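Grab a pencil and work through these exercises with the model open beside you. Each task comes with a solution that you can follow step by step.

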Amino acid sequence: MAITRVLGATAVAATLPTTVGGTGATTFSPGKVLQIVQATSTGGSDSTATTYAATALTAAITPSSASNKVLVLACGNAASSSASGKGIYSILRDSTEVTSGSSLAILDLETNENTIAINYLDSPSSTSEIDYYVAHKTNNVSYTSRWNMSNRTTVMVLMEVAG
């Protein structure tokens with residue numbers, strides 16, 4: 001079978017030419033989504049620690065430029081062992097907490113499990129692989145913070161956004 005070259009040498013270009021339906025762009029304006037990574041987990045965990053403990057919900061992404069941002073979207077099930085205890089849930093980049101203040105989901109649910117979403121636009125300033133994960137802790141060692149005690153599917157989506 002013979003090999004036919006389409007569009008000659010331009011078919012090897014890093015862009016899709018406008019003559020074949022592409023934009024012809026070689027750079028992207030800020031705000032464009034460049035890649036998407038999705039991870040799921042059915043693992044659950046309990047913690048009586050007042051420092052963050054990792055859950056099984058984790059995903060990794062390698063930004064193409066240090067000026068790009070990463071939009072982290074995480075959704076899962078959470079609870080606390082008592083109405084007096086509070087589960088605190090956050091997103092960590094490697095071992096650094098990136099969410100804070102109102103980005104924390106503080107739940108006072110007794111043993112009732114509810115779905116929570118944690119969203120954060122991070123500026124990692126890196127082109128190395130970055131691990132993001134949901135972590136949780138309790139406000140008091142007498143109580144238990146619970147993540148996904150029903151072992152349902154939890155989801156994390158990472159989007160690299162042009163900076």
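**Exercise 1: Who faces Ala74?**

Start with one side of the residue: Ala74 stands opposite Met156 in E11. Bear in mind that this is a predicted model, where local features need pLDDT of at least 70, side-chain atom pairs count only at pLDDT 80 or more, and totals for chains, interfaces and linings use all residues. Residues are numbered from 1 along each chain as its sequence is written, and side-chain values use heavy atoms, with hydrogens and water left out.

Your task: find what stands opposite Ala74 in E8, and work out in which sense E4 pairs with E8.

*Solution.*
- Step 1. In E8, the residue opposite Ala74 is Ile118.
- Step 2. E4 and E8 pair in the antiparallel sense, over nine bridges. Strands are DSSP runs of E, at least two residues long, numbered from the N terminus (helices are runs of H or I, at least four residues). Two strands pair if DSSP finds at least two bridges between them.
- Step 3. Now go back to E11: E4 pairs with E11 in the antiparallel sense too, over seven bridges.
- Step 4. E10 also runs antiparallel to E4, joined by three bridges. Here Ala79 has Arg146 in E10 as its bridge partner.

**Exercise 2: The overall layout**

Your task: say how many helices and strands there are in the chain.

*Solution.*
- Step 1. The chain has zero helices and 11 strands.
- Step 2. Of its 163 residues, 36% count as buried. Buried means under 20% relative accessible area, exposed over 50%, and partly exposed in between (1.4 Å probe, protein chains only).
- Step 3. Look at contacts, meaning heavy atoms within 4.5 Å. Among those between residues at least 6 apart in sequence, 80% join residues at least 24 apart.

**Exercise 3: Into the core**

Your task: list the residues that touch the most other members of the largest nonpolar core, and say which strand gives the most to this core.

*Solution.*
- Step 1. Get the term straight: a nonpolar core is a set of buried Ala, Val, Leu, Ile, Met, Phe, Trp, Tyr and Cys residues joined through side-chain atoms within 4.5 Å.
- Step 2. The largest one has 21 residues, and Ile91, Tyr132, Met156 and Leu158 touch the most other members.
- Step 3. Several strands supply at least two residues each, among them E1 (33–41), E4 (69–80), E8 (114–122) and E11 (154–161).
- Step 4. E4 gives the most, with four residues.

**Exercise 4: Two stops along E1**

Your task: find what Val33 and Thr40 touch, leaving aside neighbours within four places in sequence.

*Solution.*
- Step 1. Val33 lies in strand E1, and is in contact with Met159 and Glu160.
- Step 2. Val33 is partly exposed, because its relative accessible area is 46%.
- Step 3. Thr40 lies in E1 as well. Its contacts are Leu57, Thr153, Thr154 and Val155.
- Step 4. Check the C-alpha distances: Thr40 and Met156 are 116 residues apart in sequence but 6.4 Å apart in space. Val33 and Gly163, 130 residues apart along the chain, are separated by 9.9 Å.

**Exercise 5: Rings**

Your task: track down the one aromatic pair in the whole structure and classify it.

*Solution.*
- Step 1. Rings of Phe, Tyr and Trp (its six-membered ring) pair if their centres lie within 6.5 Å; planes under 30 degrees apart count as stacked, over 60 as edge-to-face and the rest as tilted.
- Step 2. A search finds one pair. Tyr89 and Trp147 have ring centres 6.0 Å apart and planes at 40°, so this pair is tilted.
- Step 3. Tyr89 is in E5 and Trp147 in E10 (residues 145–147), 58 residues apart. Tyr89 and Trp147 are both buried.

**Exercise 6: Salt bridges**

Your task: find how many salt bridges there are, and which residues form them.

*Solution.*
- Step 1. The rule asks for a side-chain nitrogen of Lys or Arg within 4 Å of a carboxyl oxygen of Asp or Glu. The count comes to three.
- Step 2. Arg146 meets Asp46 at 3.6 Å, N to O. This pair links E10 with E2 (residues 45–47), 100 residues apart.
- Step 3. Asp122 pairs with Arg93, the closest N and O atoms being 2.7 Å apart. Asp122 lies in E8 and Arg93 in E5, so parts 29 residues apart in sequence are tied together. At 3% relative accessibility, Asp122 counts as buried.
- Step 4. Glu113 meets Arg152 at 3.9 Å, N to O. Glu113 is buried at 18% relative accessible area, whereas Arg152 is partly exposed at 48%.
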